[in-house]
Structure formats: structure tokens, C-alpha cells
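Student: Got a minute to walk me through this protein? I'd like to start with how the helices pack.

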Amino acid sequence: MLQTLYDYFWWERLWLPVNLTWADLEDRDGRVYAKASDLYITLPLALLFLIVRYFFELYVATPLAALLNIKEKTRLRAPPNATLEHFYLTSGKQPKQSGLSGRQVERWFRRRRNQDRPSLLKKFREASWRFTFYLIAFIAGMAVIVDKPWFYDMKKVWEGYPIQSTIPSQYWYYMIELSFYWSLLFSIASDVKRKALGPASSLQDFKEQIIHHVATIILISFSWFANYIRAGTLIMALHDSSDYLLESAKMFNYAGWKNTCNNIFIVFAIVFIITRLVILPFWILHCTLVYPLELYPAFFGYYFFNSMMGVLQLLHIFWAYLILRMAHKFITGKLVEDERSDREETESSEGEEAAAGGGAKSRPLANGHPILNNNHRKND
């Protein structure tokens with residue numbers, strides 16, 4: 001049974017054009033071809049990424065946050081209360097009867113919600129890690145493809161396909177990118193849940209984020225199996241070209257550098273629209289949809305690869321809509337605070353005195369410091 005499934009899964013007609021077999025892609029005469037077994041290394045590399053990330057956030061991102069005066073804020077914890085905890089976890093609504101006054105229940109729920117919210121320092125460290133990776137990946141990706149003829153002539157992507165040997169730079173570019181997305185999928189449960197769209201938000205709701213990671217992993221893996229490597233390197237570099245800009249905007253947002261954040265976000269929006277809504281569909285997708293049919297009849301791998309590309313393109317359209325909607329509010333001056341912001345609720349938000357006391361007790365607090373107006377800082 002398992003052997004039958006295995007044989008069917010690796011049936012040449014699923015992965016390769018007609019009249020070609022896996023024997024045609026066996027290493028010979030010094031030429032090396034992509035193999036499914038090559039991807040086994042990405043799982044231990046993903047775990048290595050998580051370890052490197054831990055030390056990066058501890059010894060690089062945290063000191064950088066300190067330089068920018070981003071600090072952990074001491075939060076008042078909700079006292080243990082089994083009844084309120086049950087309502088909080090099951091419905092999120094306040095019970096009508098709990099033995100406490102209405103104000104006490106409101107205060108408990110406010111503090112309990114704050115406990116679940118990620119701190120500004122945590123968000124800054126995550127953004128710093130992703131910014132560092134995406135920037136390095138984009139530079140490395142460009143170094144891999146900029147001297148290749150198919151970077152300038154898309155038809156050369158399919159020249160000789162699928163008998164196209166791989167080179168070490170392509171191998172490592174693939175392994176590192178795939179390993180990184182595996183690490184993001186492994187850590188998604190503990191990472192900050194994105195809920196907002198704003199100058200420093202990730203543009204991804206949690207579900208869309210999972211869909212994106214899974215689709216990306218499948219697309220990268222399949223393109224390696226089917227030797228779509230030339231097209232794959234172009235697609236990965238194109239995606240990395242805007243991601244590091246978004247993460248840097250978020251970093252400046254968390255640091256309170258509002259104007260810098262907004263300016264970088266504008267650059268990000270322009271790059272995103274050009275790369276995801278112009279270059280990707282009209283150059284890359286045209287390359288993967290049209291040119292292969294000039295060489296061989298369509299097969300399952302052709303349909304599958306372009307279907308996954310379609311999923312990513314739909315996500316890009318969705319995110320572009322959110323970007324444009326936010327940009328419109330930004331230009332018209334209607335953007336006062338990030339939509340659906342995950343902003344922390346302060347004790348003073350209900351007219352209560354903050355535990356920090358002092359002159360700041362009647363004002364909202366950000367990073368433990370009083371702020372003068374709602375435009376001073378925007379949170380995820």
C-alpha cells in the first residue's frame with residue numbers, strides 16, 4: 001500500500017513533461033541536478049534558524065532596542081479568578097454575575113487582555129530578525145541571479161528544460177529560503193499575532209499568514225522537485241525585494257520615529273505594488289504560464305505550480321488592497337491610529353489611576369513614558 005502510494009507520488013507524469021523520466025535527471029558528466037532528498041536538510045536548518053534567532057534577539061535586537069529607548073513595560077497582572085478566567089477563555093465577554101463590582105470586572109478583563117498582548121520589545125525583536133534575514137536574502141538572491149541570462153530574457157528560463165543542472169549558489173539560496181519559511185511556520189504559534197494594518201503592520205492576518213507560509217513552502221519545494229529552479233530564484237528574489245522595507249518601517253514605528261516609519265512605508269508600498277502587481281503577474285506568471293507550452297504539452301506539474309502561484313497572487317491582491325486603503329487614509333489625514341490596533345489598554349483609559357503614578361497618571365502611557373497625543377506612536 002505505502003509502496004504503491006510512493007510510486008504514484010513520484011510518477012514521472014506528475015512531475016516531468018512527457019517522454020522524460022527521473023533517469024534523465026541523474027547526475028552525470030559533472031552536471032548536478034535537483035533531487036527531492038536535497039530538501040531533507042531544510043528541517044534541521046530550520047531548527048538552526050530558531051536557535052540563531054534566539055541569540056540574535058537576545059544579543060543584537062535587545063541592545064538595539066535599548067539604544068532606541070524601547071523597554072519592557074511592567075504590566076499589572078489580573079488576580080486569579082476562576083470564573084472570570086473561564087468567561088475570558090470561552091467567550092471573551094464579561095459575566096453578569098461574578099461577585100465583583102462592574103468596575104472591578106472591567107479592570108480584571110483589561111489587565112487580562114494586556115497579559116496576552118505582545119510587548120513592544122517583543123515586536124521590535126521579531127521585526128529586527130525578519131528585517132535582517134530579508135535584507136541579506138535579497139542581496140544574496142540578486143547576487144545569484146543578476147549575472148544569469150534568464151534574468152534579462154525570460155525565455156531562457158526554459159532553455160533546455162528540464163535538463164538544467166544546478167550550481168552551488170542556487171542550491172544554498174533554495175535551502176536557506178526554504179529553511180527560513182519552515183522556521184517561521186514552526187514559530188508562528190509563539191510569534192506576534194498580526195491583527196492590524198498600518199505603517200508598521202505586517203499586512204497579514206493570522207490565517208492569511210499561515211496560508212502564505214504553507215503556500216510558499218509547497219511552491220519552493222515543488223519548484224525544486226520539478227527543476228523549476230530558474231523561475232524559483234526569480235520569484236524568491238522578487239518577494240524579498242519589499243519585505244525588508246516593511247520590517248524596517250515596523251522597527252522605526254516601535255521606536256517612535258513616526259516620520260521615518262511613514263517615509264519607509266511609502267517606499268515599501270511603491271515597491272510592493274510594482275513587484276507584486278506588475279512584475280509578478282505580467283512577467284513572471286507570463287513566463288511560467290506561456291513559455292513552457294512552446295516547448296512541451298501541459299502536465300500536472302505545470303498546472304500545480306501555476307495554481308500555487310495563483311494563490312500567492314490572490315494574497316498579493318488582498319494585501320495591496322489593504323495597503324491602498326491605508327495609504328488613502330494616510331494621504332487624506334484620516335489615519336489617526338492603526339485599524340484594529342493591538343494597542344495596550346492603560347489603567348487611565350477608564351479614568352483610573354495608573355500604578356506608575358506621578359504626572360503621567362492621567363495620560364496614556366507608551367513604553368512607560370507619558371505621551372502628549374494619540375499621534376505620537378502607532379502600535380501593531
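**Helix packing and core**

Tutor: H10 and H11 pack with their axes 10 Å apart, at an angle of about 155 degrees. Keep in mind that this is a predicted model.

Student: So are H10 and H11 roughly parallel or roughly antiparallel?

Tutor: Roughly antiparallel, because the cut-off for that is an angle over 145 degrees, and theirs is about 155 degrees.

Student: And which hand is the crossing of H10 and H11?

Tutor: Left-handed.

Student: What about H9 and H10, how do their axes cross?

Tutor: At roughly 165 degrees, and the axes come within 9 Å. That makes H9 roughly antiparallel to H10. H9 passes H10 in a left-handed crossing too.

Student: Let's zoom in. Where is Thr-288 found?

Tutor: Thr-288 is in helix H10, which covers residues 258-289.

Student: Is Thr-288 buried or exposed?

Tutor: Buried. Its relative accessible area is 0%, and the cut-off for buried is under 20%.

Student: What is Thr-288 in contact with, leaving aside neighbours within four places in sequence?

Tutor: Trp-158, Ala-231, Tyr-302, Phe-305 and Asn-306.

Student: Switching to the core. How many residues has the largest nonpolar core?

Tutor: It has 71 residues. Those with the most contacts inside it are Val-157, Trp-158, Tyr-228, Ile-284 and Met-309.

Student: Which helices each supply at least two residues of this core?

Tutor: H2 (12-15), H3 (42-67), H6 (120-145), H7 (168-187), H8 (206-225), H9 (229-254), H10 and H11 (300-331).

Student: Is there another core apart from it, and which residues are in it?

Tutor: There is another core of nine residues, lying apart from the largest one. Among its members are Ala-65, Ile-70, Phe-124 and Ala-127.

Student: Back to Val-157. What does Val-157 touch, not counting residues up to four places away?

Tutor: Trp-150, Gln-164, Arg-230, Ala-231, Leu-234 and Cys-287. Ala-231 is also among the contacts of Thr-288.

Student: Now the whole protein. How many helices and strands?

Tutor: 11 helices and two strands. Along the sequence, the helices come before the strands: α-α-α-α-α-α-α-α-α-α-α-β-β.

Student: How much of the protein is buried?

Tutor: Buried residues make up 47% of the 380 residues.

Student: And what share of the contacts with a separation of 6 or more joins residues 24 or more positions apart?

Tutor: 80%.

Student: Last one. What does the accessible surface come to?

Tutor: About 19200 Å², and 63% of that belongs to carbon and sulfur atoms.

Key:
Residues numbered from 1 in each chain as written. Predicted model: local features only at pLDDT ≥ 70, side-chain atom pairs only at ≥ 80, totals over all residues. Heavy atoms only, no water. Helix = DSSP H or I, 4+ residues; strand = E, 2+ residues; numbered from the N terminus. Buried < 20%, exposed > 50% of the residue type's maximum accessible area, 1.4 Å probe, protein only. Contact = heavy atoms within 4.5 Å. Areas by Shrake-Rupley, 256 points an atom, 1.4 Å probe, with all protein chains shown as cover. Core = buried A, V, L, I, M, F, W, Y, C linked by side-chain atoms within 4.5 Å. Axes fitted to C-alpha atoms, helices over the stretch in contact; angles between N-to-C directions. Left-handed = near helix turned anticlockwise from the far one by under 90°. Parallel < 35°, antiparallel > 145°, perpendicular 65-115°, else oblique.
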